[in-house]
Amino acid sequence: MKYDLHCHSHFSDGALSPTELVDAAVEAQITHLALTDHDTLDGLAEAQRAAFRHQSLTVINGLELSCTWENQLLHIVGLDVNPNNADLKAGVAQNKQRRLRRAEAMFEDFEQHDIYLRDFVANQLVSGGVPTRPHFAQALIEQGFAKDKKQAFKRYLVRGKPGYIPMRWPPLEEVADWILKAGGVAVLAHPNRYKMTRTKLSRLISEMLALGIQGMEVSTPTTDKQQTGMLGELANQFGLLASVGSDFHSYDQPWAKLGSAQPLAASLNPVWAQFSSISA
Ligand code: AMP
Ligand code: MN
Ligand code: MN
Ligand code: MN
């Protein structure tokens, strides 16, 4: 069994269609793939249809929701959710709306600087897709304002730079609630990326558990052996389920290849033990 429970398609900021993603997962010998686009469920039907053609692969319905905790942006992955649940759909619609409003404010802010990106962002979006900062980065590249995504983020799109619009995402407890109501397992995404001390991360985990958030990503391609060990220890200490995901977006990011996160250590309790869709 090979699990990758975090990746993106072109319904958010990924480069591949859900069908192309499923084919790439089969190629990478993944047996369980969760599609977890940012703030949308719209790629899941296509991913399930594509997986139907392959005996070896199961697609888990997922998403990655943005939220805030103590003034900090967090990403919570929902796994094995029912994409037809009304509460989840309403929550996702709310986050999508926030993204659309932010995109409009970003266009206007760029226009103040004589940078016109509307068509270049719109051209990248599929029907139902959500606008993300990487779409703006791509538009900036196409317009010659940056040589690559890294530079686009550094010069624009981040706090204090043109095109940066601060976001107010819903609180952690709200997004946890949407996932739980949809029968999913809520998982803290990429804990290494928040630059928290172990003390602060422990406090976050205690609050997560109180809210019914049962899991945390322990293995990702950007967690080194030591970090993975530390996260695994924390998971076991608090009784959290462990998840594994590449956060694959595109072939342009060789550090986050599909299926490239190391398998979980046998001492951990894997998050998939809770998936109703794959239990016997
Ligand atoms: P958003 O949720 O629209 O604010 O965009 C966040 C996404 O931007 C993340 O999920 C990453 O995929 C991407 N991202 C964030 N920072 C950078 C960066 N410095 N370079 C490239 N991509 C980035
Ligand atoms: Mn992303
Ligand atoms: Mn994320
Ligand atoms: Mn992600």
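Around ligand 1 in this predicted model stand Asp13, His38, Arg99, Arg102, Thr132, Arg133, Pro134, Phe153 and His249, each with a heavy atom within 4 Å of the ligand. Sorted by type, this shell holds 2 nonpolar, 3 polar and 4 charged residues; Pro and Phe are among the kinds that count as nonpolar, Asp and Arg count as charged, and His and Thr as polar.

Some of these side chains make polar contacts, meaning pairs of N or O atoms within 3.5 Å:

| Residue | Distance from a polar side-chain atom to an oxygen atom of ligand 1 |
|---|---|
| Asp13 | 3.0 Å |
| Arg102 | 2.6 Å |
| His249 | 3.1 Å |

On its own, ligand 1 has 510 Å² of accessible area, and the protein covers 74% of it (Shrake-Rupley method, 1.4 Å probe).

Where do the shell residues come from? Helix H3 (86–112) and helix H5 (133–142) each supply at least two of them; helices here are DSSP runs (H or I) of at least four residues. Domain 1 (3–92 + 175–274) and domain 2 (97–155) both contribute to the shell, so ligand 1 lies between them. The domain bounds come from an automatic or database assignment.

A note on reading the numbers: residues count from 1 along each chain, and ligands are numbered from 1 in the order written. Local features need pLDDT of at least 70, side-chain atom pairs count only at pLDDT 80 or more, and side-chain values use heavy atoms, without hydrogens or water.

Note on methods:
Polar contact = N/O pair within 3.5 Å; in protein donor to acceptor, adjacent residues only side chain to side chain. Helix = DSSP H or I, 4+ residues; strand = E, 2+ residues; numbered from the N terminus.
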